[in-house]
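I open this notebook to record what I looked up, entry by entry. The aim is a plain account for a reader who has not met this structure before.

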Amino acid sequence: MEELMLECRQDPAHPGTRVLKVAGEVSIGVAGDFKEALIEALSGGNEVQVDVSALTGIDLTGLQLLCAAHHSAGTAGKEFHIVDGGNPTFRDMATSAGFRRHTGCAYDRACSCIWVGGDN
Amino acid sequence: MIDQHRQAFKEEAYELLAELESSLLELEERPDDQDLIGRVFRAMHTIKGSGSMFGFDDIASFTHEVETIFDMVRNGKLQVTGRLVNLTLAARDQIRSMLDAADSGEAADLQASAEIIVGLRELAGFQGQVAAEAHKEEVHEAQKDPVTYRIRFAPAREIFVSGTNPLTLIAELRELGACTVVAQTAGFPCLEEMNPESCYVYWDVILTTDQGENAIRDVFIFVEDDCELKIEPIAEHNRYEEQQDYKRLGEILVERGDITSDDMRVVLSQQKRFGELAISQGILHEGKVQAALAEQQHIKEVRQEKQVAEASSSIRVPAERLDLLVNLVGEMVTVQARLSQTAAQRDDAELMAIAEEVERLTAELRDSALNIRMLPIGSTFSKFKRLVRDLSAELGKQIEMTTEGAETELDKTVIEKLNDPLVHLIRNSIDHGIERPEARVAAGKPERGTVHLSAVHSGDSVLITIADDGAGLDKEAIRTKGIERGIITAGAELSDKELFNLIFAPGFSTAKTISSVSGRGVGMDVVKRAIEALRGSIDITSVRGEGTRIMVKIPLTLAIIESLLVKIGNDSFMMPLALVDECVELTREDVAAAHGRNLAHVRDQLVPYIPLREHFAIPGDPPEIEQIVITQVSGVRVGFVVDHVIGEHQTVIKSLGRAYKDTEGISGATILGDGTVALILDIPQLVQAAEAAQA
Amino acid sequence: MAKVIMTADDSASVRQMVTFTLKQGGYEVVEAVDGKDALQKLASTKVDMLITDLNMPNLDGIGLIKGARALASCKFIPIVMLTTESQDSKKQEGKAAGATGWIVKPFKPEQLMAVVKKVLG
């Protein structure tokens with residue numbers, strides 16, 4: 001199991017955009033840390049990009065937190081994206097857990113659901 | 001290996017028995033010592049448990065009786081007496097002799113066992129038979145017919161603290177059969193309030209399995225008390241075979257109890273898509289609809305699979321074997337050409353007759369070999385239906401997809417390579433073509449747009465058409481953009497066709513904003529390039545306000561093409577015949593008259609040409625009169641200057657080795673009848689390179 | 001990296017069989033002879049799963065499960081107990097103490113592997 005690495009920084013090209021880089025494995029043992037990192041990223045800007053391209057594993061708790069973060073961002077009028085860089089581990093996990101879908105969820109009025117699509 | 005385990009058990013059992021003996025003797029002196037009683041019980045328990053695991057069933061069942069007694073002693077229901085200790089010691093000796101007997105092969109003394117058991121039972125005060133623990137072997141009677149189940153699995157919030165990972169259970173479900181899983185996220189709190197160690201999600205799963213409901217229950221055996229689990233069969237397979245369509249969305253939701261039929265009627269009284277409406281009226285949340293949609297889809301897929309399985313009294317063969325066969329046939333065609341050539345040269349009537357016969361057989365063999373690789377394009381079409389459904393929902397448009405000619409057959413490789421370009425074209429139609437419902441109504445068109453996909457055979461090609469009834473292309477917008485991008489000059493007079501063809505130019509996009517559906521940096525130029533790589537062509541027509549029609553013409557197979565054989569010096573080249581328009585002569589005077597510009601006058605039209613001898617740096621002088629082969633690629637005529645045109649030739653394409661794979665202007669090679677190699681020219685690429693060099 | 005499974009059992013032959021089966025399945029195995037031994041080893045060794053017998057001297061299976069759940073490293077790992085059919089009440093007790101599941105003795109190597117796969121994925 002690879003240790004979870006969280007790094008939050010300002011996107012130099014886009015002021016107000018926070019990029020949260022997640023590397024290693026998100027598991028229940030570190031879910032609390034992951035939650036804190038998401039809260040911090042969301043409080044730091046109007047747009048948050050979670051970069052999961054270097055993620056090597058994510059369990060149900062991690063997927064739940066991503067969904068909740070998206071929900072919270074929507075409520076606060078902020079934008080929330082996931083950049084997976086085609087990471088097959090992430091996609092497989094989201095798909096096998098049944099999170100990937102074809103229309104957004106009930107909170108999702110702006111067609112921004114993080115699980116929609118998948119082949120872009 | 002089993003023997004090794006048995007041996008280990010025996011050693012352990014002898015040890016335990018020795019310990020048991022001393023414990024029992026001590027117990028006689030201190031009958032109330034709980035620690036001693038526990039030790040005796042554990043010894044019996046271990047002998048029983050381990051014994052049954054390693055096949056000592058007689059020992060296990062005998063020891064079980066003794067263990068039962070000591071369980072009563074342990075719980076204070078029975079006193080330790082001299083008689084009990086005596087009987088237990090006898091039992092201990094009996095177990096020992098049973099262990100000894102296991103190796104020698106002699107049967108243990110059953111009479112002695114029975115006597116001890118009767119004695120112990122009397123002591124415990126129960127009569128007759130103690131219910132023997134039957135070791136039931138669980139038999140999974142596999143059901144023959146697959147049944148589809150609707151499963152709702154809602155783990156308890158605190159499921160994680162029991163060490164359960166619900167995802168492994170979902171994975172286990174998937175192993176039972178075709179499975180569609182939708183995670184329901186609607187009950188999620190906001191991030192701040194979410195306990196990261198709690199489980200909020202629940203699942204709706206549609207599973208088609210022939211293992212029966214018990215197999216599904218077994219998956220959840222450890223969590224029965226820690227979750228809400230609903231399993232119900234939804235459709236007998238025979239039942240829906242008779243139905244044209246699977247249940248409608250509303251029907252499914254009512255069956256699931258997610259919505260009442262009254263609510264459904266309210267929703268249905270308005271003519272919109274049911275799911276959208278139900279969500280927008282707050283009767284349902286999205287996840288429920290999603291799950292119902294997944295059920296529809298799942299059933300469709302299962303049914304399709306079934307149909308495919310039934311329709312084919314066919315054999316599955318690995319694709320490589322087919323490729324090998326086609327390759328061999330290709331070589332056969334080459335050899336046959338040599339044979340015919342040789343026969344003609346020898347002027348031998350008998351040999352000629354044989355060569356003709358071989359030629360006929362080879363042609364038939366070639367056709368049937370290529371036929372094996374043909375697949376109906378229908379499977380690709382049905383994938384697109386899904387794409388249209390999902391994308392239109394995402395964009396808030398109402399679009400129906402109609403298809404025609406799904407049975408049209410194409411080479412397997414071609415179908416695979418056609419997928420991406422077609423996806424892109426369809427996405428374009430949905431995104432840029434079809435208008436939003438309001439705009440359509442305002443334009444006096446039906447609210448629901450149509451994308452029509454059709455495939456039809458035409459000669460040795462297949463014509464695929466994607467037609468939408470959307471807004472059509474905006475000529476002025478294209479012209480403006482073309483000028484902006486420097487693709488055309490401001491005053492250029494362009495025919496409609498030329499204008500529409502501009503959208504295939506690199507870096508051209510007319511959509512005002514880049515949406516998530518199309519315009520992800522992949523332009524129509526890439527589509528065009530992909531089609532051309534299949535030696536196909538793409539054409540576009542459009543009427544403003546009425547729609548756009550894109551026609552893609554693709555050769556039936558990639559393995560063999562009709563081509564024109566030409567020569568430059570001693571080198572032979574092939575040009576795909578489909579692209580060739582005509583051939584004209586080029587004399588030295590013509591060259592001189594053009595003043596160094598590579599332009600030829602053909603019936604009052606100027607045609608640019610590429611001197612291939614120069615292009616490929618082939619040494620030697622051209623003949624007095626050269627030939628220009630005029631090709632047409634996407635409506636543009638370009639000539640290629642060669643020394644001689646030999647004639648039509650049926651060409652079996654050989655790919656170039658890895659070292660030459662990316663050679664520009666060459667798409668492959670073939671072997672001629674006399675054994676020499678001819679290169680196949682990549683006409684579109686040559687044209688493009690020449691255009692690029694000019695610009 | 002192979003996952004690590006601890007087997008706690010006072011019966012050497014059961015331990016041997018469990019260890020052999022798990023190693024064949026590609027797991028690393030740590031053995032413990034009773035509950036006390038198991039808890040001591042858990043404090044210093046990180047394991048991905050625990051398989052424990054219920055009847056053991058020094059500290060029994062229920063005690064071990066409770067002790068393990070109190071360790072941060074074992075809070076969420078799957079814990080499977082080995083029971084005999086006569087111990088239905090033990091199943092409940094074990095679940096209440098924090099066990100994930102159970103295997104009924106006697107069991108075959110395949111049954112053991114099926115349960116490991118079920119809870120460990």
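The entries below concern a predicted model and begin with the interface of two chains.

**Entry 1: extent of the interface.** I first looked up how chain C meets chain B. The contact draws on 37 residues from chain C and 38 residues from chain B. I noted a buried area of about 3100 Å² between the two chains, with carbon and sulfur atoms giving 54% of that area. On the side of chain C, the residues that lose the most area to chain B are Asn55(C), Phe76(C) and Lys118(C), and together they account for 22% of what that side buries.

**Entry 2: polar and charged pairs.** I then looked up the pairs across this interface. Between chain C and chain B I found 16 residue pairs in polar contact, both residues being at pLDDT 80 or more. The salt bridges between chain C and chain B number 4. I recorded one pair by name: Lys118(C) forms a salt bridge with Glu172(B), and their closest N and O atoms are 3.1 Å apart.

**Entry 3: elements of chain C that take part.** Which elements of chain C each supply at least two residues of the side that touches chain B? I listed α1 (12–24), α4 (88–97), β5 (101–105) and α5 (109–120). Of the side that touches chain B, α1(C) gives the most, with 6 residues. Sorted by class, that side of chain C has 16 nonpolar, 12 polar and 9 charged residues.

**Entry 4: a helix pair across the interface.** I next examined helix α6 of chain B, residues 166–174, against α5(C). Their axes are 7 Å apart and the helices pack at an angle of about 120°. I therefore entered α6(B) as oblique to α5(C). In this contact, Thr168(B), Leu169(B) and Glu172(B) of α6(B) meet Lys118(C), Val119(C) and Leu120(C) of α5(C). By class, the residues of the contact are 3 nonpolar, 1 polar and 2 charged.

**Entry 5: backbone details.** I looked up two points of backbone geometry. In chain C, a cis peptide bond joins Lys105(C) and Pro106(C), with omega at about 0°. Pro106(C) has its place in the loop between β5 and α5 of chain C. In chain B, Asp347(B) is not a glycine, yet it has a positive phi of about 60°. I located Asp347(B) in the loop between α13 (319–346) and α14 (349–372) of chain B.

**Entry 6: salt bridges over the structure.** How many salt bridges does the structure hold over all chains? I entered 39. In chain A, I noted a salt bridge in which the side chains of Lys21(A) and Asp51(A) meet at 3.6 Å, N to O. This pair links distant parts of the chain, 30 residues apart: Lys21(A) is in strand β2 (residues 17–26) and Asp51(A) in strand β3 (residues 47–58) of chain A.

Conventions
Residues are numbered from 1 along each chain as its sequence is written. Chains are lettered from A and ligands numbered from 1 in the order in which they are written. This is a predicted model: local features need pLDDT of at least 70, side-chain atom pairs count only at pLDDT 80 or more; totals for chains, interfaces and linings use all residues. Side-chain values use heavy atoms; hydrogens and water are left out. Contact means heavy atoms within 4.5 Å. Buried area is the accessible area (1.4 Å probe) that two parts lose on being put together, summed over both. A polar contact is a pair of N or O atoms within 3.5 Å; within protein, one must be able to donate a hydrogen and the other to accept it, and residues adjacent in sequence count only if both atoms are side-chain atoms. Helices (H or I, at least four residues) and strands (E, at least two) are DSSP runs, numbered from the N terminus. Ala, Val, Leu, Ile, Met, Phe, Trp, Tyr, Cys and Pro count as nonpolar, Asp, Glu, Lys and Arg as charged, and the others, Gly among them, as polar. Axes are lines fitted to C-alpha atoms, for helices over the stretch in contact, and angles run from 0 to 180 degrees between N-to-C directions. Angles under 35 degrees count as roughly parallel, over 145 as roughly antiparallel, 65 to 115 as roughly perpendicular and the rest as oblique.
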